[in-house]
Amino acid sequence: DTEGLLRIKEENQKHYRRAQRHQEKKEKIQWHNRKLGDLVEKKTYDLKTQHEHLANLRRTHILELTSVIFPIEEVKTSMRDPADVSSESDNAMTSSTVSKLAEARRTTYLSGRWVCDDHNGDTSIGITGPWITLPNNGDYSAYYSWVEEKKTTQGPDMEHNNPAYTISAALCYATQLVNTLSLILDVNLPKKLCNRQFCGENLSRHRFTRAVKKLNANILHLCFSQHVNLDLLHPLHTLRNLMYLVSPDTENLGR
């Protein structure tokens, strides 16, 4: 029994010494983990700082781009509300007729259905200048109507102020701006659309509407990536969505 007791004591001493070594190793591992944790925290802070610096650089480049090369702004029109004009010319008009005229002014017949548009007739959005604008309601039917009419009309086109030219130019500039923004923001666009899509040859109605849908999808994708307020966006408002995207009030622009 005495010999067995001595063996047990020796084994207990060995276990104790081993436990001490394990405790020291555990403390070293904990110290190493704390050191790595501090390093990771410092690297994370440095990365966040670099991201903020990069976002500020991107934001500066975008604001410079949209103020010098591709300025986007609202262009006021001189159109008056027909309800106001009619009420001035006819004092006997009832209030229901006035309200119906105002409601008719805020609706647009687009692609076979009536669409409510609060901005219709008040303003339009211009890019690179007030003379190159797009309709607020997204109705670009003037373009393919002009293309179809030109197919049936022979001879040179002398209408330099045709709205089809304005629509084509505005969409072309918008495509260039979107592709440039995707490079600056390092965001891959869901739809491939080259800069010359709306230039050169006249597009058919199907090809034109398909290209416009691609452009609107790319613009919305950029807006989503920069956390633009969803209440401001409309799937058909091409330049208005772009204006909200590159606005200095967009807090997350450049993220």
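Look at the loop between α5 (163-185) and α6 in this predicted model, and you'll find D186 sitting there. D186 isn't a glycine, yet its phi is positive, at about 60°. T128 pulls a similar trick: this non-glycine residue has a positive phi of about 65°, and its home is the loop between β4 (123-127) and β5 (133-134).

Is each of these two residues buried or exposed? The table has the answer.

| Residue | Positive phi | Relative accessible area | State |
|---|---|---|---|
| D186 | about 60° | 60% | exposed |
| T128 | about 65° | 19% | buried |

The cut-offs behind those labels are under 20% for buried and over 50% for exposed, so T128 at 19% counts as buried, while D186 at 60% counts as exposed.

Now on to helix α6, residues 205-225. Why does its length add up? At 1.5 Å a residue, its 21 residues should span 30 Å, and the end C-alpha atoms are indeed 30 Å apart. Its buried residues include F208, A211, V212, L215 and I219, along with polar ones such as N216 and N218. After α6 comes H227, with a positive phi near 60°.

F208 also shows up in the largest nonpolar core, which has 43 residues. Along with L171, L181, F198 and L242, F208 touches the most other members. At least two core residues each come from α1 (2-68), β4, α4 (141-152), α5, α6 and α7 (238-245), and α5 gives the largest share, 10 residues. Leaving aside residues up to four places away in sequence, F208 touches Y140, Y143, Y144, I167, L171, F198 and L203.

Definitions and conventions
Residues numbered from 1 in each chain as written. Predicted model: local features only at pLDDT ≥ 70, side-chain atom pairs only at ≥ 80, totals over all residues. Heavy atoms only, no water. Helix = DSSP H or I, 4+ residues; strand = E, 2+ residues; numbered from the N terminus. Expected span 1.5 Å × (residues − 1). Buried < 20%, exposed > 50% of the residue type's maximum accessible area, 1.4 Å probe, protein only. Core = buried A, V, L, I, M, F, W, Y, C linked by side-chain atoms within 4.5 Å. Contact = heavy atoms within 4.5 Å.
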